[in-house]
Amino acid sequence: MAPSRRADGTVEVVAVRGVLLGAVREIVLDERAIDLRRGDSVVLYTDGVIEARGSGGLFGEQRLVDVLAAAPSGNPSELVDRIRAAVTTHQDVPQADDLAILAFQLTA
């Protein structure tokens, strides 16, 4: 899943899966097209985000969507900080998996 946060604050989920780049020689890529408008943001992340464990189970995709929807703006740096903070708060054990988050925003 690659969620996009629209400029108006709504979150759209793009159903795609991927593999770690460079980890395997031949990969099959999932391709989806979405229309982005000025102010829309897209978030990419590793499985360490949604598979982070806490007393309530895995962090999961719905929590990720909820964090994005609750953010006051689509500022990419702010989105990354909010996701990282939410994952850290959710965990009740030290992070065992990678945690990589990339967000970008269409500005023109």
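**Notebook: core, helix pair and V13**

I looked first for the largest nonpolar core, which has 18 residues, and V43, Y45, V49, F59, L64 and I83 are those with the most contacts inside it. By nonpolar core I mean a set of buried Ala, Val, Leu, Ile, Met, Phe, Trp, Tyr and Cys residues joined through side-chain atoms within 4.5 Å. Two or more residues come from each of strand 3 (41–45), helix 1 (47–50), helix 2 (60–70), helix 3 (76–90) and strand 6 (101–105).

I note that this is a predicted model, where local features need pLDDT of at least 70 and side-chain atom pairs count only at pLDDT 80 or more, while totals for chains, interfaces and linings use all residues. Residues are numbered from 1 along each chain as its sequence is written, and side-chain values use heavy atoms, with hydrogens and water left out.

I then followed L64, which, not counting residues up to four places away in sequence, touches M1, P3, Y45, V49, I50, F59 and I83; contact means heavy atoms within 4.5 Å.

Next I checked where helix 2 meets helix 3: R63, L64, V67 and L68 in helix 2 meet L79, R82, I83, A86 and H90 in helix 3. By class, this contact has 6 nonpolar, 1 polar and 2 charged residues.

Last I turned to V13, which lies in strand 2 (residues 11–14). V13 counts as partly exposed because its relative accessibility is 43%, where buried is under 20%, exposed over 50% and partly exposed in between, with a 1.4 Å probe and protein chains only. Leaving aside neighbours within four places in sequence, V13 is in contact with M1, A2, P3 and V65.

Notes. Helix = DSSP H or I, 4+ residues; strand = E, 2+ residues; numbered from the N terminus. Nonpolar A, V, L, I, M, F, W, Y, C, P; charged D, E, K, R; others polar.
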